[in-house]
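Visitor: Hello! Could you show me the model, so that we can talk it through together?
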Amino acid sequence: GDFANEVDTLVIGSGPGGYVAAIRAAQLGQKVTIVEKGEMGGVCLNVGCIPSKALITAGHRYHQAKHSDDMGIVAENVALNFEKVQEWKGSVVKKLTGGVEGLLKGNKVEIVRGEAYFASANSVRVMDEKSAQTYNFKNCIIATGSRPIEIPGFKYSERVINSTGALALKEVPKKLVVIGGGYIGIELTGAYSNMGTEVVVLEGTKQILGGFEKQMAKLVERRLKKNGVDFKMEALAKSVEETENGVKVTAEVKGTEEVFEADYVLVTVGRKPNTDEIGLEQIGVELDERGIIKVDKQCRTSVSNIYAIGDIVPGPPLAHKASYEGKVAAEAIAGEKAEVDYLAIPAVVFSEPELATVGYNEKEAKDAGYDVVAAKFPFAANGRALSLNDADGFMKLITRKDDGLVIGAQIAGPNASDMIAELGLAIETGMTAEDIALTIHAHPTLGEITMEAAEVALGTPIHIV
Ligand code: FAD
């Protein structure tokens, strides 16, 4: 029926931005409805963070099983049942998406399935196959996320795939061309090369993983090369021809045309915000030229009762950033003084070794006008890293020279993704190198690297000279 539903806060999209915002708004006493046109949990849970990490784990285990002879482990007949891998991956996703639905219900958030479209600055129409309903809201949080960009000449098909297709393959490709050496392309390159795929990466610039320091990106490149991955830098993908059971990709590599044959070509050159099909123009929500929604520090758009979070607003398109903004927007709606501060937002690549960064790196700190100490400590000087047989990498701790305040950190090494949390906490709470050095870290752990890097900053490291 077409009667209007009245809600306090309407959330559009159930990704890590939307579902977190909905829960927080409900916790703060709002009557909340969340609208989702696809699967609960958005990109992150269904076709992003979670399934990619599952495939990475499977590839890593398989590769390790075959390559641990240096430790005296010789495994014969190690096999990969990819159908089973995919089934397991699916079960992980299902647990989490079911969990999100349970959490929303447990917080009394109403879940509506369908596609939302703004009818006015106070109402949306929600359409499913059968019907359309109107929801009137006091406040709205838009969290519609992003989708893969398609590049000219590479129309997506069964063989020309994006990250979603790459996560859903039914077989391990023999050969794969990856266009784009960003974190998504590199993570998937790692997963499949560990499972035996011959991968060629075509990267447009001179360096993969552009957002990270060259030295860190090089470690990843070196490890992937050891796995047989071929890198073509300054490569411009031009066109693709689909053959009977594969593709021929033509690219200009440093000015020379080359052709690469493979089973599939994976295009991972970036994503665009889902802000073009929800009626924003009509209600006056301002966008920039890339379709990114302009927001203030409380995630409020140019229309005062409409908020936007996640991949559709400025900043790194990462799940934890979307969730963080979700909490801020919900709290702002509830009248709290919350506002975003992006300094301590970490970024991680689940490569080998893992890369992680938070706050400033050395160059950024200098550009921001800080006089800094960049204290470096290698994983190879840490007992735990050696006993894990995984000692490739380093930590760099960035502190302010005059008072030792921690303002950033970069890690390349095993478990960098978990280790970075301590540095985020240090930045968020205003710790100094001395505070970290005085904190007792259990032995033998990778955490001792953080303590030692702080000692390096103070000029008194124990385990390097
Ligand atoms: P999304 O997760 O994109 O969710 C948006 C939701 O809105 C979708 O469910 C969509 O169906 C729904 N929607 C859209 N329009 C409408 C409408 N009109 N009506 C109703 N519903 C609508 N980030 C990390 O931090 N760590 C990682 O390891 C990581 N790995 C990734 C790996 C891959 C392969 C990819 C593709 C991404 C990865 N990301 C990772 C990025 C992360 O997935 C995104 O940053 C995150 O999902 C953004 O969250 P969001 O809430 O903004 O939107």
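Visitor: How far does helix H4 reach from its first C-alpha to its last?

Guide: Happy to start there. This is a predicted model, where local features need pLDDT of at least 70, side-chain atom pairs count only at pLDDT 80 or more, and totals for chains, interfaces and linings use all residues. Residues are numbered from 1 along each chain as its sequence is written. Helices (H or I, at least four residues) and strands (E, at least two) are DSSP runs, numbered from the N terminus. H4 has 25 residues, 82–106, and 1.5 Å times one less than that number is the expected span; the helix comes close to the expected 36 Å, reaching 36 Å.

Visitor: Which residues of H4 are buried?

Guide: A residue counts as buried if 20 or more other C-beta atoms, placed from the backbone, lie within 10 Å of its own. In H4 that picks out Val85, Lys89, Val100 and Leu104.

Visitor: Which residue just after H4 takes a positive phi?

Guide: Look just past the end of the helix, which covers residues 82–106. The phi there is about 60°, and the residue is Lys108.

Visitor: Which residues are closest to the ligand?

Guide: A residue is near a molecule if its C-beta atom, placed from the backbone, lies within 6 Å of it. Strand S2 (32–36) and helix H2 (42–47) are among the elements that each supply at least two residues of the shell. In all, 35 residues surround the ligand, and the closest are Gly13, Gly15, Gly42, Gly145 and Gly310.

Visitor: What share of the protein chain is buried?

Guide: The chain has 465 residues, and the buried ones make up 46%.

Terms used: A residue is buried if 20 or more other C-beta atoms lie within 10 Å of its own, exposed if 12 or fewer, and partly exposed in between; C-beta atoms are placed from the backbone.
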